[in-house]
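Let's take a walk through this structure together, strand by strand and helix by helix. Have the viewer open and follow along.

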Amino acid sequence: MKLPPYPMIELDLAAPFDQHRGTVLPEWIDWNGHMNVGYYVVAFDKATDTLCNQFGCSWDYTREKIGMTFVLEAHVTYDREVKEGDPLRITSQILDLDAKRLHYIHCMYHGTEGYLAATNELMLMNIDYETRRAAPWPEWAMDRLDKLAAAHEILPVPAQAGRLIGIKRK
Amino acid sequence: MLDSLPYALPELVTRAPLDTHRSTVLPGWVDWNGHMNVAFYVTAFDQASGAFMRNMGLGRRYVDDKLGMTFVLETHVTYDREMREGAPMRFTTQLLARDDKKVHLFHEMYHAEQGYLAATNETIVMNIDYASRRSAPWPVPVAARLEELWRTHKDLPRPAKAGRVMGLGKK
């Protein structure tokens, strides 16, 4: 199997993937006194980096000019406010994948109080560095993605996945 | 429910869609892939929602006077094309639905000079009472403005990218 020109970290097959931790930074707060909607996605995007590192497609992947990952689509549910300095715990669950794309969902929890603060469902695509166009996942990534997807298959699909936005008519 | 607002409201723009908001991709919004990071599309769209709310009479004064706030409940973004540092953005905003506490908006982001569609954002925004930090009906003058806007927006065609459910759509 083709391996990347940099070491890969140990594969973590816990379901869901539960390594990412963060903190709500002062500059992420808006005039409503809570984390601004855009910075929830900043926090989630960092969790995507942690997840991509599991299959060798994070910062090293781009620094070595092999490839990049682009988000095609994102859906965020804002479930509860978080304030400056709050610790965050973000879990990631793989929902589906194909040769070029990955469909997954992050759940953000308050790190000590435990409540669900937000979810982020994403469609990520592998990009060739040179052409800046869609390309199949490298072998090393596909191998690990298959293992992660198999490990996550036992998980129920979160209610926040596959949502349609709308105002319910009474 | 607030019967009135203690400040002058701007002249209501009822164009369908709304197309007044403009912005620029800031240097701090660019990531290691050399383009606007996914999160800052959401920030840019949130500012377009802010422009929509100002048109409804809910600008900074609404918060500073401790009357209320607006919270986003849910948001869906399609990333259609990359935007680089300094790129000028033009937004259009369509009111898809409204009720006594919420609006359902659809924004489109265009490169203002090259004209291409860069992204879309479908979002639900809710009115919040300042003191209780819980949902509350729109202030009366805001509800009246929403109805006036709805009259010009209700017959717009529904955008193709609205109402999407994410999936790989395997062949």
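Two strands count as paired here if DSSP finds at least two bridges between them, and strands are DSSP runs of at least two residues, numbered from the N terminus. Keep in mind that you are looking at a predicted model.

With that in hand, start at a turn. The hairpin of S4(B) and S5(B) has 5 residues between its strands, and among them Gly115(B) takes a positive phi near 85°. The two strands of this hairpin pair in the antiparallel sense over 9 bridges. One place to see the pairing is Tyr110(B), whose bridge partner in S5(B) is Leu117(B). S5(B) covers residues 117–129 and is mostly covered, with 10 of its 13 residues buried. S5(B) also runs antiparallel to S2(B), to which 11 bridges join it. There, Glu74(B) stands opposite Ile124(B).

Now zoom out. How many strands form the open sheet? There are 10, in the order S1(A)-S3(A)-S4(A)-S5(A)-S2(A)-S2(B)-S5(B)-S4(B)-S3(B)-S1(B), with antiparallel pairing. S1 of chain A (17–23) and S1 of chain B (22–24) stand at the edges with a single partner strand each, so one side of each is left without a neighbour in the sheet. On average, neighbouring strands of this sheet are turned by 30° against each other, direction ignored. At the chain B edge, S1(B) pairs with S3(B), residues 88–98, in the antiparallel sense over 3 bridges. Thr24(B) has Pro88(B) as its bridge partner in S3(B).

Helices pack on this sheet too. H1 of chain A, residues 37–54, touches S1, S2, S3, S4 and S5 of chain A together with S2 of chain B, and its direction makes about 140° with that of S1(A). H3 of chain B, residues 140–153, touches S3 and S4 of chain B, with its direction at about 100° to that of S3(B).

H1(A) deserves a closer look. Its 18 residues reach 27 Å from the first C-alpha to the last, close to the 26 Å expected at 1.5 Å a residue. Of those 18 residues, 14 are buried, so H1(A) is largely enclosed by the rest of the structure. After the helix comes Gly56(A), with a positive phi near 70°.

What lies in the core? In soluble globular proteins, nonpolar side chains tend to be buried together. The largest nonpolar core in this model has 80 residues, and those touching the most other members are Tyr40(A), Val41(A), Ala43(A), Met108(A), Tyr41(B) and Val42(B). H1 of chain B (residues 38–56) contributes the largest share of this core, 11 residues. Setting aside neighbours within four places in sequence, Val41(A) is in contact with Ala74(A), Val76(A) and Asn120(A), and also with Val38(B), Ala39(B) and Val42(B).

That brings us to the contact between the chains, which takes 30 residues from chain A and 32 residues from chain B. On the side of chain A that touches chain B, the elements giving two or more residues are H1, H2 (59–63), S2, S4 and S5 of chain A. S2(A) gives the most, with 9 residues. By class, this side of chain A has 16 nonpolar, 8 polar and 6 charged residues. Finally, S2(A) and S2(B) pair in the antiparallel sense over 5 bridges, and Glu73(A) has Thr78(B) as its bridge partner in S2(B).

Definitions and conventions
Residues are numbered from 1 along each chain as its sequence is written. Chains are lettered from A and ligands numbered from 1 in the order in which they are written. Helices (H or I, at least four residues) and strands (E, at least two) are DSSP runs, numbered from the N terminus. Axes are lines fitted to C-alpha atoms, for helices over the stretch in contact, and angles run from 0 to 180 degrees between N-to-C directions. Two residues are in contact if their C-beta atoms, placed from the backbone, lie within 7 Å. A nonpolar core is a set of buried Ala, Val, Leu, Ile, Met, Phe, Trp, Tyr and Cys residues joined through C-beta atoms within 7 Å. A residue is buried if 20 or more other C-beta atoms lie within 10 Å of its own, exposed if 12 or fewer, and partly exposed in between; C-beta atoms are placed from the backbone. The expected span of a helix is 1.5 Å times one less than its number of residues. Ala, Val, Leu, Ile, Met, Phe, Trp, Tyr, Cys and Pro count as nonpolar, Asp, Glu, Lys and Arg as charged, and the others, Gly among them, as polar.
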